[in-house]
Amino acid sequence: MKKSIFAAVLAFILTSCNYTPEGEVTPKAIGYEIEDDGNKLPLYSGDMSNLAVWEEYINAHNTRDFDVIRSLNAEVDFKVYGPKGEFIQGSDAHLEFLKNWFAQANPKWKTNYLIENEFTNSKGELRQWVTSGHQLTLTVEGEEIKLSQVHDALISNGKVQMFYVTERVLAEGE
């Protein structure tokens, strides 16, 4: 009888230590960001509304809607890092780059996935990123070139603050 009471009390204590009040959700880390000094900061799944911002941004590129692209670019300190070492700073420079590239290569994106994550850096600043995968088709001098691209976009207050593009040529049949 003493063992049964002891077991019941022990079970109660152990379960009450792990109790999370109903409605309260403890965020689960999905990875980590590594700062320049090696400090690891937990990454969490983030605000899904940022995915809609990035989807609208890609759609505006596909439809060549420069007004929407400009409206989604951050007004201050907007940056793009391209796959071949390009660095574009500011909306005007970005739109000029796009106009030339669209005329030369007619790029079209097909989105494969979108992932949102966020972390708070050591300065206490919230960073919300969208990572996306796309198939990109270019048409250069009548020839189609198919690429796989991954974009990492920093979204701030519903605007694209900056993004990185990496890419590779798709293998035959891919």
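These exercises work through backbone angles, strand pairing and packing in the structure above.

The model is predicted: local features need pLDDT of at least 70, side-chain atom pairs count only at pLDDT 80 or more, and totals for chains, interfaces and linings use all residues. Residues are numbered from 1 along each chain as its sequence is written, and side-chain values use heavy atoms, with hydrogens and water left out.

**Exercise 1. Place Arg64 and Asn106 and give their phi angles.**

Step 1. Take Arg64. Its phi is near 60°, positive although the residue is not glycine. Arg64 sits in the loop between helix 2 (49-62) and helix 3 (66-72). Helices (H or I, at least four residues) and strands (E, at least two) are DSSP runs, numbered from the N terminus.

Step 2. Take Asn106. Its phi is near 45°, again a positive value in a residue other than glycine. The loop that holds Asn106 lies between helix 4 (91-105) and strand 5 (108-120).

Step 3. Check exposure. Asn106 counts as partly exposed because its relative accessibility is 37%. The cut-offs are: buried under 20% relative accessible area, exposed over 50%, partly exposed in between (1.4 Å probe, protein chains only).

**Exercise 2. Work out how strand 5 pairs with strand 2 and strand 6.**

Step 1. Apply the rule: two strands pair if DSSP finds at least two bridges between them.

Step 2. Strand 2 (residues 40-45) runs antiparallel to strand 5, with two bridges. Here Tyr44 stands opposite Glu118.

Step 3. Strand 6 (residues 126-140) is also antiparallel to strand 5, joined by twelve bridges. Ile115 has Thr131 of strand 6 as its bridge partner.

Step 4. Look at the turn. Strands 5 and 6 form a hairpin with five residues between them. Gly124 in this turn has a positive phi of about 85°.

**Exercise 3. Describe the largest nonpolar core, then follow Phe163.**

Step 1. Define the core: buried Ala, Val, Leu, Ile, Met, Phe, Trp, Tyr and Cys residues joined through side-chain atoms within 4.5 Å.

Step 2. The largest core has 25 residues. Trp54, Tyr57, Ile69, Phe78, Ile155, Val160 and Phe163 touch the most other members.

Step 3. Find the suppliers. Helix 2, helix 3, helix 4, strand 6, strand 7 (143-156) and strand 8 (159-169) each give at least two residues. Helix 2 provides the largest share, six residues.

Step 4. Leave aside neighbours within four places in sequence. Phe163 then has contacts (heavy atoms within 4.5 Å) that include Trp54, Tyr57, Phe78, His94 and Asp152.
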